[in-house]
Amino acid sequence: MDAQHHVTPADKAQIEAALAEPAIATLNAAGAPVVVAAGEDMRAVWANGPARQLFQANTLEEMTARAFEATQLTRVARALRPDGRSEE
């Protein structure tokens, strides 16, 4: 079962519309990790099973926290590079 944060009916409609987008629907149907995030803080509001497994998260709150931690680690790693550049 896919996890969903407490959302309003309007939010739910937007999530369903996003999941219906062909590219996202194809990934979801193929079993790829899919996360829907919203808000200024980009909090996870929906995630399928593969995404929760990837983040080793039982709840959306855990997933959001782990994604934030990963983002912070990336910023630190970039800051510690001798040339100060990202590898993008």
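Two strands are taken to pair when DSSP finds at least two bridges between them. With that in hand, let us walk through this predicted model, starting at a single bridge: Ala38 has Arg43 in strand 3 as its bridge partner. That link belongs to a set of 4 bridges between strand 2 (residues 35-38) and strand 3, and the two strands run antiparallel. Together they make a hairpin with 4 residues in between, and in its turn Gly39 has a positive phi of about 90°.

It helps to step back for a moment and place this hairpin in the whole chain. The protein chain contains 4 helices and 3 strands, and if you follow the sequence you meet them in the pattern β-α-α-β-β-α-α. Of its 88 residues, 19% count as buried. Looking at contacts between residues at least 6 apart in sequence, 29% join residues at least 24 apart.

How well covered are the individual elements? Strand 3 (residues 43-47) is mostly covered, with 4 of its 5 residues buried. Helix 2 (residues 22-29), on the other hand, is hardly covered: the count of buried residues among its 8 residues is 0. After helix 2 comes Gly31, which has a positive phi near 85°.

Moving on from strand 3, you reach Asn48, in the loop that leads from this strand to helix 3 (49-54). Is Asn48 buried or exposed? Asn48 has a relative accessible area of 2%, so it is buried, the cut-off for that class being under 20%. Its side chain also has a polar partner: the side chains of Asn48 and Asn28 make a polar contact at 2.8 Å.

The next loop, between helix 3 and helix 4, holds Gln56. Its backbone deserves a look, as Gln56 has a positive phi, near 50°, without being a glycine. As background, most residues other than glycine have a negative phi. Gln56 counts as exposed because its relative accessibility is 65%, and the exposed class begins over 50%.

Now for the empty space in the model. Rolling a probe the size of a water molecule over the atoms shows where such space is left. The largest pocket holds about 190 Å³ of space. Its lining consists of Val35, Asp41, Met42, Ala44, Phe55, Met63, Thr64, Ala67, Phe68 and Thr71. Which element gives the largest share of this lining? That is helix 4 (residues 60-80), which supplies 5 residues. Sorted by class, the lining has 7 nonpolar, 2 polar and 1 charged residues.

Two distances help to orient you around this pocket. Met42, one of the lining residues, is found in the loop between strand 2 and strand 3. Its relative accessible area is 52%, and therefore Met42 is exposed. The C-alpha atoms of Met42 and Phe68 are separated by 9.1 Å, with the two residues 26 apart along the chain; Phe68 is also among the lining residues.

The second distance starts from Ala70, which sits in helix 4. Why is Ala70 classed as partly exposed? Its relative accessible area is 38%, and the partly exposed class lies between the buried limit of 20% and the exposed limit of 50%. From the C-alpha atom of Ala70 to that of Phe55, the separation is 10.0 Å, and these residues are 15 apart along the chain. Phe55, too, belongs to the pocket lining.

Notes:
Residues numbered from 1 in each chain as written. Predicted model: local features only at pLDDT ≥ 70, side-chain atom pairs only at ≥ 80, totals over all residues. Heavy atoms only, no water. 1 Å grid on protein atoms, 1.4 Å probe; cavity = no way out; pocket = protein on both sides within 12 Å on 5 of 7 lines; lining within 4 Å. Points joined across faces, edges and corners; volume = space filled by probe spheres on them. Nonpolar A, V, L, I, M, F, W, Y, C, P; charged D, E, K, R; others polar. Buried < 20%, exposed > 50% of the residue type's maximum accessible area, 1.4 Å probe, protein only. Polar contact = N/O pair within 3.5 Å; in protein donor to acceptor, adjacent residues only side chain to side chain. Contact = heavy atoms within 4.5 Å.
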